[in-house]
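Here's a quick briefing on how two chains meet and on some of the charged pairs inside them. Have a look at the model first, then read on.

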Amino acid sequence: MSQQLMSLETASTAIASGRKLILAGDEQALNRLPKGSWIAGTIPYFITNEQGGLSTREQVFATDITDIATSLEIKAYDQNSLSHVYSDGPDNGFSFILIPAMSKAHLSFALNAPNYKDFGTVPLIGWIAGVHLDDLGKRTPKVYNGQTGEFLEEGALVLSATLPPGKAAEIGIVNLFEQGEGDTLTFPETGFATKDVLVNGERRNFAAYLVKNRLDTKLPLVADYYGALVNISFQGIDEADGEVKFYAPVFTGIRYKHARPVPDYAAQFTGKLCSACNIQPANLVFSCNCILNYLYSELEGKKTEPFSGPATFGEIAYQLLNQTLVYLEVHEI
Amino acid sequence: MSLPAKSSKQWQDVVTGKKAYELKFLAAKILLGRLTRSLSENPSPDNVKAGIDQLYDVYAKNSHIPSVQDDLKTIFG
């Protein structure tokens, strides 16, 4: 088991020798790889154990699951068939999902995954593919099926990995943020954007509320799911239209609070990594972090050991998450 | 430990939020975050049964995972 940044030459050699890989990289790099047992999503931002956070279009980040997966299957879904993603999962193993940002599948998964049949019955982890921030609006995020050499801009790719007897996969998250002491916010409709919010039950315009209260939109909304804290990150405020946009949907019936302020984002994030999870580095198979944490924590050049991986446009741990580190462990049982 | 039957009262207490536990298994926590709120608004017998079925399935299909075993001990003793 290993996660590491590697040259295209090294990656090509690993693929040719039959390694089973989950890759992340810029599309120009991924386009140059040979066919083989791999899937990939586009993103050029990474956090490595050697150099810390960095951006590169020349190398790819590889998660090698050859030694833990007895078999794997790669399957493409569209926004409708994606509802079978839990039911289709392996009996003992995990499913790894990659979805291009802003695709129909991304929107559909974000809104509907919690209601998919058999939700939570199979460990489902993955991330949302993106682009270099300089390429926003110029290039589209893509996901690659290495077995066929094809890529998708719409839809999702899922790698189902079967583990040998005596092994078990488990997903965890690390969230820097906690609910603040402020108002309880609920939303009249589920969606990626809203004009209205119920502030302690009173209907208000959400954009005006955020501006009037000078709330820092680098801090997400935080919901408490039976002790698991789930963030919704702000994409922007349109004061003229009175609309607020998010990077993940808010859901009706869920109570949100604006996150407690974080005085030293980078230091606190590093501290949380050390204290929040009691994992054995040898069990760690995969992790990824949010591009917003990469930017707001100024993680370029900084390490987040034992975690490394791509910095993504969204994280998936059973459902879409924001500003969260997600990780996959494989235990001996 | 093996999975207690769906008829065990503890399943109902968990999904309705009557009893709150500090659980470890992430999938169960995310699911319960929704179920407890939904069932507090409409605790009809059919809804409670559907909620128990969902939670039971999540634990049953992951019963080999260490955090699931820990949760079962927390809930059922």
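Buried area here is the accessible area, with a 1.4 Å probe, that two parts lose on being put together, summed over both. Keep in mind that this is a predicted model. By that yardstick, chain B and chain A bury about 2,200 Å² between them, and 60% of that area sits on carbon and sulfur atoms. Over all chains, the structure holds 19 salt bridges.

**Where the chains meet**

- Chain A brings 28 residues to the contact, and chain B brings 24.
- One salt bridge turns up across the interface of chain B and chain A. A:Asp118 and B:Lys61 are the partners, their side chains meeting at 4.0 Å, N to O.
- Polar contacts across the interface of chain B and chain A come to seven residue pairs, with both residues at pLDDT 80 or more.
- On the side of chain B that touches chain A, at least two residues each come from helix H2 (26–41), helix H3 (45–60) and helix H4 (66–76) of chain B. H2(B) gives the largest share, 10 residues.
- As for chemistry, that side of chain B divides into 13 nonpolar, five polar and six charged residues.

**Salt bridges within chain A**

- A:Asp135 and A:Arg57 join their side chains in a salt bridge at 2.9 Å, N to O. The pair links distant parts of the chain, 78 residues apart.
- A:Asp135 sits in the loop between strand E9 (124–129) and strand E10 (143–145) of chain A, while A:Arg57 is in the loop between strand E5 (52–55) and E6 of chain A.
- Buried or partly exposed? A:Asp135 is buried, with 10% relative accessible area, and A:Arg57 counts as partly exposed at 28%.
- These two residues also belong to a network of salt bridges that links A:Asp26, A:Arg57, A:Asp135 and A:Arg139.

**Salt bridges within chain B**

- B:Lys6 and B:Asp53 form a salt bridge, with their closest N and O atoms 3.2 Å apart. B:Lys6 lies in the segment before helix H1 (9–15) of chain B and B:Asp53 in helix H3 of chain B, so the pair ties together parts that are 47 residues apart in sequence.
- Both ends of that bridge are partly exposed: B:Lys6 has a relative accessible area of 36%, and B:Asp53 comes in at 22%.
- B:Asp13 and B:Lys9 make a local salt bridge, with side chains meeting at 3.1 Å, N to O. Both lie in helix H1 of chain B, four residues apart, or about one turn of the helix.
- B:Asp13 is at 5% relative accessibility, so this residue counts as buried. B:Lys9 is partly exposed, at 48%.

**A closer look at A:Thr63**

- You'll find A:Thr63 in strand E6 (residues 60–64) of chain A.
- Why does A:Thr63 count as buried? Because A:Thr63 has 1% relative accessibility, and buried means under 20%.
- The side chains of A:Thr63 and A:Gln3 make a polar contact at 3.1 Å.
- Leaving aside residues up to four places away in sequence, A:Thr63 touches A:Ser2, A:Gln3, A:Lys20, A:Leu21, A:Ile22, A:Val285 and A:Phe286.

Note on methods: Residues are numbered from 1 along each chain as its sequence is written. Chains are lettered from A and ligands numbered from 1 in the order in which they are written. This is a predicted model: local features need pLDDT of at least 70, side-chain atom pairs count only at pLDDT 80 or more; totals for chains, interfaces and linings use all residues. Side-chain values use heavy atoms; hydrogens and water are left out. Contact means heavy atoms within 4.5 Å. A polar contact is a pair of N or O atoms within 3.5 Å; within protein, one must be able to donate a hydrogen and the other to accept it, and residues adjacent in sequence count only if both atoms are side-chain atoms. Ala, Val, Leu, Ile, Met, Phe, Trp, Tyr, Cys and Pro count as nonpolar, Asp, Glu, Lys and Arg as charged, and the others, Gly among them, as polar. Buried means under 20% relative accessible area, exposed over 50%, partly exposed in between (1.4 Å probe, protein chains only).
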